[in-house]
Every structure is written in structure tokens, then in C-alpha cells.
Amino acid sequence: MNIKLSKKNINELDADIFLAFVSEKDLKAHEQGKLLTQAGFKGEQDTLCFLHEQGLLVCGVESETKDELRSAASVAIKALKASNYKSVKVLCESTTLISALVEGFVLGGYEYTKYKSQPKKAALKKISISCGEADFASLEAAFDAAIIVANATNFTRDIVNEIPEDLNPPSFAKLAKELAKTNNLGCEILGEKELDAQNMHSMLAVGRASRHESQLIHLSYKPKNAKKIISLVGKGLTYDSGGLSLKAATSMVTMKMDKAGGCAVLGMMKVASELKLDIEIHVFIGAVENMIGGDAYKPDDVLVSRSGTTIEVRNTDAEGRLVLADVLDYAQEKVKADYLFDFATLTGACMVALGQYTTGIMGHSSALKHTIFESANNSGELVGSLPFNQHLKKLLKSEIADISNTSSKPYGGAITAGLFLDKFIKEENKEKWLHFDIAGSAYTETPWDCNGYGATGAAVRMISDFLKNIK
Ligand code: BES
Ligand code: ZN
Ligand code: ZN
């Protein structure tokens, strides 16, 4: 899809159809208000009305806010892709709204067709946005940035949606290497021999029964005169069968998305390098497959992690934290960062706590969490804070090792998982660290907002906003 910003007046732009966003209060004054009302259009959010003879498509918006425009643009693009119109034009004169409009079009129009033998081809090829009376240059900067962020979100969606047969730890590493090459990034890959030399026995245990070799991926972006350094760590479980604590058949379906944290940090890296941000960024991904077999790690095992902390395995399905324990320890030793964030589809409990749409954030710094709330608001993502406390922490006590990989009580599972990770955060990094549980927000089987079936690219937009605003 070709999407362009134009200096031309909307009336001078050539297109098959004109798309307009109309609210209830603007309907009366609209040129076609009478006809639209006759057709039953009331200006309600996300409702559509085609006036084919007038060459007009209107989409209802409750008010002119980013979230409403993003959602409406997403509904409109789906309808246009199902029609036979080849080109559409739309007016946008606001630098704040243009990013939401672009996101609605690019994210709402996303389809994953890799495994369809005969994918449907939309007639729609071109979207032209007229900047009207507004200053073209300032609109253009916001437009260009929004395109980069939206495309990177779809890049993340594409790799999360790939099946585990195609995207396994070695092919994940290959893909990261390719991104490093195109975007001029540093790239270091550790295979099992190197992981063993690093004493990463917690991560290695998880991947032992897989026929694919576990990989630690480290990408780096080092601009001259970087203002700050940030490490982004991702859980990259290319498949989570649960291991010997095997998942039930229905819960196993969709577990190709357990690599969404790893895919999201790659998307963030793509944004930072393409926007040429003056922030040094390090991405660390633990790419592992959790399988069953004679060589599988077991409940009752005790693992010696890279940090020396011993871990009693009581459930092999709580594997993400075992991988992250070692990757977080490695990342902290490798890079002295100003911020340390990890992203993981870590717990079903996070969905119970916050619902399917909201990312859970955990950490010790209220100020940092507050900044993230702002970035979430700016980008249209949903986040909720889950608070740590001493009582939940005690539930991770093990009788035979330093810590257990599961809590002894069934409540507060997202927080106890966060507290498990906290055990591997060095004292000097406590205030710099945030944990993002994207178990609910990373993937959906029922479309919502600008997300269709499958991966959503959760956290890419939000962290892109955070990175852009680092002072
Ligand atoms: N990958 C899952 C978490 C998950 C569940 C993500 C559903 C997305 C949707 C994780 O590895 C897991 O299985 N966690 C367990 C932890 C439990 C055994 C303590 C869970 O949430 O049930
Ligand atoms: Zn699991
Ligand atoms: Zn998992």
C-alpha cells in the first residue's frame, strides 16, 4: 500500500473516493448531511456510510482524539480494502492526529497471508493525505516517523505470526542478523556452547529437549554522542508446549506467540535505528523452544543460574522466567545501561488481573512507571501497574534451593513472576528496571482497535514514544 502526504489541496487531489471523519455534532453542517442522515448515518464511533455517487465514504468519530481517529481509520481501511476503489484521499491538518491516522491505516490494514495459497488481493493501492492549510514540513516529520513506527509494528507482527516450524531459535537468530545487516547494527549470537561457557544453565535447561539449538541474540545500535543507554530484553520462546508440565491441548494453541517479547524488542530496535535516535540501544533475546522428551528438564530439578542463584523447578511451564533470569544477568554484565526493560508473554495471570488488552508493568521506580504511562497514552497502548509486596515475595521460597520458579499460592501470579525476575536484578539497577508482561496484549484471536487476528506488535509503539522523548 502506497501512503503519501501531499501539499495539494484536498480538491486538487486525484482519487477514486474521498474519506471523511464526521462526528455527530458536525453531521448537520456537513455538505452531505441530509443524505447521510437519510442513509441512517448518525456519526457514531466506527460506523461507516458510503455515498458512492458522491464519491464519499464517511466514518463516525465520537470526537477528534487520537484514539478515536486511529480506530475509525482502521475500520475505514478495512472497508476500502474490501471494495473495488483503487485510491482514496483524506484531509489531515494536525501534527498530533496524523500519527493516529497513519497507524489506523497501516496497522488496521494489516493482514498476514504468508500461509494462504491464494491470498485475496485488494484493489486499493494508494492513500493520499492532503495537509490542507497546515504547515507541510511539520506534518511531514510526524508523518514520516509514524510510518516508521507503524511499519516496525507490522514487522514485529509478521515474525510473531510465523509458525514454530519456520521460526525457531536458529532462524530467529538468522533473522536478527539480517536486520543487523540492513540497519547497520552490531550483532553477536551465542549458541549452546557459548551459553554453557557463560554458565547460563537456567536458560539451557529450558531448551534441552528441543531439536533446535538455543540462541542468545545481542544487537546493538551505537550512535555517536548518545544521550543515554538502554537495554531491551525479550523473551523469545519460539514455542512453549509447557515442557513436562505439559499444557492442556487448548492452552497450547497460540503458543507460537511466546516469542512476542523478543520480536517486540527487534521492532523497537528497527524504529530507533531508522529514526536515527541519539540513544544507544542494546537488544538481548533469549531464543529457546520448550519441548518434551527424554532429555527434557523436569519438575524437581535444581538449576544453577548464571548469577549463581539456584532455582528449584516446580513447573516446567514457568520457563520464561528461567530464560530471562540468565539473559537479564548477562545483559547487566555486558552493558551498564541507564534503563533496563524486559518484555515477555510471561503469565496467564496477567490477563486475569488486567484483561486481554492491557500490558502489565512492574518495577521499583514510580517515576519511571509514570513516564511509561505517558508514552502509553501518547501511543494508544494500554498499560496497568501491578504492585510488588513483601508477602507475595515470600511465596517464592524454596526448601531446597535459593528460589522456586513458581509461587506456593495460586493468586497474584503475574506479580510473583515479576518478583522472580527481580531476584536477578542487581542492586544498582533496581530503579532502572521495568518488567512488561505482554501475555494478553501481544496476541488476539478476536480483533480489537487496530489489531486484527493474531499478533498485535504490543509495546513497539509505546517504547518508540518513550525512546523519542528521552532527555
Ligand atoms: N507463556 C506462558 C504464559 C502465557 C499464557 C502467555 C497464556 C500467553 C497466554 C508462560 O510460560 C506460562 O506458561 N506461564 C504459566 C506459569 C505458571 C506455570 C506458574 C501460566 O501462566 O500458567
Ligand atoms: Zn510456559
Ligand atoms: Zn511461556
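Which loop, between which two helices, holds Asn199? Select Asn199 and you land between helix H7 (192-197) and helix H8 (201-207). Keep in mind as you click around that this is a predicted model.

**Stop 1: two backbone oddities**

Stay on Asn199 and check its backbone: phi is positive, about 60°, although the residue is not a glycine. Most residues other than glycine have a negative phi. With 42% relative accessibility, Asn199 counts as partly exposed.

Now jump to Lys276, in the loop between H10 and strand E10 (280-290). Lys276 is not a glycine either, yet has a positive phi of about 55°. Turn on a surface here: Lys276 is exposed, at 66% relative accessible area.

**Stop 2: the zinc pair**

Next, select ligand 2 and ligand 3. These two zinc ions sit 3.2 Å apart, and Asp240 coordinates both. Asp240 itself is buried, with a relative accessible area of 3%.

Start with the zinc ion (ligand 2). Show Asp240, Asp317 and Glu319: the coordinating atoms are Asp240 (OD), Asp317 (O), Asp317 (OD) and Glu319 (OE), at 2.0 to 2.2 Å. Note that Asp317 appears with both O and OD. Measure some angles if you like; they run from 72 to 168° among 6 donor atoms, and the site is irregular. Along the chain, the donors of ligand 2 follow the spacing D-x76-D-x1-E. Asp240 lies in strand E9 (residues 229-240) and Asp317 in the loop between strand E12 (310-312) and helix H11 (320-334), so this pair ties together parts 77 residues apart in sequence. Unlike the buried Asp240, Asp317 is partly exposed, at 22% relative accessibility; the cut-off for buried is under 20%.

Now shift to the zinc ion (ligand 3). Its protein donors are Lys235 (NZ), Asp240 (OD), Asp258 (OD) and Glu319 (OE), lying 1.9 to 2.5 Å from the ion. What geometry does the site of the zinc ion (ligand 3) have? The site is octahedral, with angles of 76 to 173° among its 6 donor atoms. For reference, ideal angles for six octahedral donors are 90 or 180 degrees. The donor residues of ligand 3 are spaced K-x4-D-x17-D-x60-E in sequence. Asp258 sits in the loop between helix H9 (249-252) and helix H10 (260-274), and Glu319 in the loop between E12 and H11, so these two tie together parts 61 residues apart in sequence. Both Asp258 and Glu319 are buried.

**Stop 3: Asn168**

Go to Asn168, in the loop between helix H5 (136-161) and helix H6 (169-182). Asn168 counts as buried, at 8% relative accessibility. Leaving aside residues up to four places away in sequence, Asn168 touches His212 and Thr238.

**Stop 4: H3 against H4**

Show helix H3 (residues 66-82) and helix H4 (residues 95-108) as cartoons. They pack at about 35°, with axes 7 Å apart, and the crossing is right-handed. Add sticks for the contact residues: on H3 they include Leu69, Ala73 and Ile77, and on H4 they include Leu97, Leu101 and Phe105. Colour by class and you get 7 nonpolar, 5 polar and 4 charged residues in this contact.

**Last stop: H15**

Finish at helix H15 (residues 413-422), where 10 of the 10 residues are buried, so the helix is largely enclosed by the rest of the structure. Among those buried residues are Ile415, Leu419, Phe420 and Asp422.

Key:
Residues are numbered from 1 along each chain as its sequence is written. Chains are lettered from A and ligands numbered from 1 in the order in which they are written. This is a predicted model: local features need pLDDT of at least 70, side-chain atom pairs count only at pLDDT 80 or more; totals for chains, interfaces and linings use all residues. Side-chain values use heavy atoms; hydrogens and water are left out. Axes are lines fitted to C-alpha atoms, for helices over the stretch in contact, and angles run from 0 to 180 degrees between N-to-C directions. Helices (H or I, at least four residues) and strands (E, at least two) are DSSP runs, numbered from the N terminus. A crossing is left-handed if the near helix is turned anticlockwise from the far one by less than a right angle, and right-handed if clockwise. Contact means heavy atoms within 4.5 Å. Ala, Val, Leu, Ile, Met, Phe, Trp, Tyr, Cys and Pro count as nonpolar, Asp, Glu, Lys and Arg as charged, and the others, Gly among them, as polar. Donors are N, O and S atoms within 2.8 Å of the metal (3.2 Å for Na, K and Ca); water is not among the atoms, so sites may look incomplete. Four donors count as tetrahedral if all angles lie between 85 and 135 degrees; four count as square planar and six as octahedral if opposite donors are over 155 degrees apart and all others between 65 and 115; anything else is irregular. Buried means under 20% relative accessible area, exposed over 50%, partly exposed in between (1.4 Å probe, protein chains only).
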